[in-house]
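Please look over the sequence and the three-dimensional structure shown here before reading on. The paragraphs after it are meant to be read with both in view.

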Amino acid sequence: MATRRLYYDNAFEKEFTARVMHCEVLPPDVSAGITGKVWGLLLDRTAFYPTSGGQPNDLGKIGDANVLDVRDEGDEILHLVDRKPSDPDVNGCIDWPRRFDHMQQHTGQHLLSAMFQERFGLPTVSFHLGTEMCTIDLRGPEPTDEILEGAERAANQIIFEDRPVNVRYGTADQLARQGARKEVEREGILRAIEIEGADLQPCVGTHVESTGQIGLVLVRRCTKVRQEWRVEFVCGGRAERVARHDFELLRQTAEKLSSAPEDLVSAASRAIVERDANFKMVRALQERLAEAEAALALQTTPHSANGARIVSRVFEGVPADYLGFFGTALARSEKAIALLATVGDGHLVFAQHPSAGKDMNALLKQVLGEVGGKGGGTRDFARGRLSEGASTEKALSLAKEMLN
Ligand SMILES: [Zn+2]
């Protein structure tokens, strides 16, 4: 027996009475997040909206049972509930804040899609009402910022005019002649939603009664998804929450940068310029410090039997680049060889003056072969990194042994 859909005629019916026509235990549906025991319930009439036409299902209560999901099964609407109602005559009560939110987003979607199409020739090919964000996918050239803003403004203008939103019925042909935005190929009498003077669109969903109830449309990001342009938007209560949240982000970020929210862009630009300058300066200072340290190290390093001067050192608390600066500075001196490592993150640099006559790349590969790690380079300069747990001390003493 077909379930009578109360929401078709009155989307504002929050409570209703109905008779249980059928009730049976269903297997759990893990993919729908339903893991416990669940009953499938058919009623003679319902105000519960099933997931369909891009709009998510309602939640709420039927008798003392919680509604977990509502599904469109052709003529019937299946309610998934967490217990069997004790009485065959039940009161149904839908979670109204959730439903009204869906009605605001859904009607806002009709209006926004109509503005993109009518004003800018960009048809909507699909839409999605998410739990946080709603999206429509537009076909055509990339919508510019002016187009996104223009569609938003046009939609909000119609919201401010508080125009009626009507339900109309007709065949696909009749609706097409009346200027329906989307053509459908279904037979028989179709339901369509009209926003007076703005849009006519076949739809089975629930909508507000006048555009004023949409509250506001806020268009957000636009990104390319496959061949289409995905426009994010929110309406009504969500728009209020999103705007409040955005301002909180602005306020907190401005506080961090010690600026007023309206000066945030210039404050952020200044901070970035400063950061880049500091980065360059720190590198320059590191290079100079490495040169001074390398000179000092050479002074205190005796010549070995074959005349080479080997400086082996483990550094703590310096970036990997510092090893490079130090090794390069040291290798400018005749017969000098640098065997360098950082403790903790296990970076290695082996460098030599060509006159030392060894092969740093081969040496590094040999050491890493023994203790574990990756790296490589040239005959005079090689860098690598020890695998986790490998000892820097061991790596350097091994390198020293191999040089002798
Ligand atoms: Zn709709």
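What follows is a guided reading of a predicted model, moving from the metal site to the cysteines, the strands, the cores and some individual residues.

A convenient place to begin is the zinc ion, whose protein donors are His 106, His 110 and His 207, each through NE2, together with Cys 203 through SG, at 2.0 to 2.1 Å from the metal. The angles among the 4 donor atoms run from 98 to 122 degrees, and the site is tetrahedral. Read along the chain, the donors of the zinc ion have the spacing H-x3-H-x92-C-x3-H. Distant parts of the chain are thereby linked, since His 106 belongs to helix H2 (residues 96-120) while His 207, 101 residues apart from it, sits in the loop between strand S13 (199-202) and strand S14 (217-225). Both of these histidines, His 106 and His 207, are buried, and the donor Cys 203 also counts as buried because its relative accessibility is 11%.

Strand S13 also holds Asp 199, which is classed as buried because its relative accessibility is 8%. If neighbours within four places in sequence are left aside, Asp 199 is in contact with His 110, Ala 114, Arg 181, Ile 193 and Glu 194; among these partners, His 110 is one of the protein donors of the zinc ion.

How many disulfides does a search of the whole structure find? The search returns 0 disulfides, and Cys 235 offers an instructive case. A disulfide is a covalent bond between the sulfur atoms of two cysteines. For Cys 235 the closest cysteine sulfur is that of Cys 134, and because the two sulfurs are 6.3 Å apart, they are too far from each other for a bond. Cys 235 is nevertheless buried, with a relative accessible area of 0%.

Turning to the strands, S2 (residues 15-26) has antiparallel partners in two other strands. With strand S8 (residues 89-94) it runs antiparallel and is joined by 5 bridges, and within this pairing Asp 89 of S8 is the bridge partner of Arg 19. With strand S3 (residues 38-43) S2 is likewise antiparallel, here through 6 bridges, and His 22 stands opposite Leu 42 in S3. Glu 24 also lies in strand S2 and, not counting residues up to four places away in sequence, touches Val 38, Trp 39 and Gly 40. Glu 24 counts as partly exposed because its relative accessibility is 41%. As an indication of the spatial extent of the model, the C-alpha atoms of Glu 24 and Ser 312 are separated by 79 Å, the two residues being 288 residues apart along the chain.

The interior can be followed next. In soluble globular proteins, nonpolar side chains tend to be buried together. Here the largest nonpolar core contains 52 residues, of which Leu 43, Ile 62, Leu 111, Leu 112, Met 115, Phe 116 and Val 217 touch the most other members. Leu 43 touches Thr 3, Phe 16, Ala 18, Arg 19, Val 20, Met 21, Ile 62, His 79 and Val 90, again not counting residues up to four places away in sequence. A second core, separate from this one, has 20 residues, including Ile 337, Leu 339, Phe 350 and Met 360.

Another set of paired strands centres, for this account, on S20 (residues 381-386). Strand S18 (residues 347-352) pairs with S20 in the antiparallel sense over 5 bridges, and Ala 351 stands opposite Phe 381 in S20. Strand S19 (residues 373-377) is also antiparallel to S20, with 5 bridges, and Gly 375 stands opposite Gly 384; a hairpin of 3 residues joins S19 to S20. Which residues form the covered face of S20? They are Ala 382, Gly 384 and Leu 386, whereas Phe 381, Arg 383 and Arg 385 form the uncovered face. In a regular strand the side chains alternate between the two faces of the sheet.

Two loop residues complete the tour. Asp 162, in the loop between helix H3 (145-160) and strand S11 (165-170), has a positive phi of about 50 degrees although it is not a glycine, and is partly exposed, with a relative accessible area of 42%. Arg 226, in the loop between S14 and strand S15 (228-235), is likewise not a glycine and has a positive phi of about 50 degrees, but Arg 226 counts as exposed, because its relative accessibility is 67%.

Notes: Residues are numbered from 1 along each chain as its sequence is written. This is a predicted model: local features need pLDDT of at least 70, side-chain atom pairs count only at pLDDT 80 or more; totals for chains, interfaces and linings use all residues. Side-chain values use heavy atoms; hydrogens and water are left out. A disulfide is a pair of cysteine sulfur atoms within 2.5 Å. Buried means under 20% relative accessible area, exposed over 50%, partly exposed in between (1.4 Å probe, protein chains only). Donors are N, O and S atoms within 2.8 Å of the metal (3.2 Å for Na, K and Ca); water is not among the atoms, so sites may look incomplete. Four donors count as tetrahedral if all angles lie between 85 and 135 degrees; four count as square planar and six as octahedral if opposite donors are over 155 degrees apart and all others between 65 and 115; anything else is irregular. Helices (H or I, at least four residues) and strands (E, at least two) are DSSP runs, numbered from the N terminus. Two strands pair if DSSP finds at least two bridges between them. A nonpolar core is a set of buried Ala, Val, Leu, Ile, Met, Phe, Trp, Tyr and Cys residues joined through side-chain atoms within 4.5 Å. Contact means heavy atoms within 4.5 Å.
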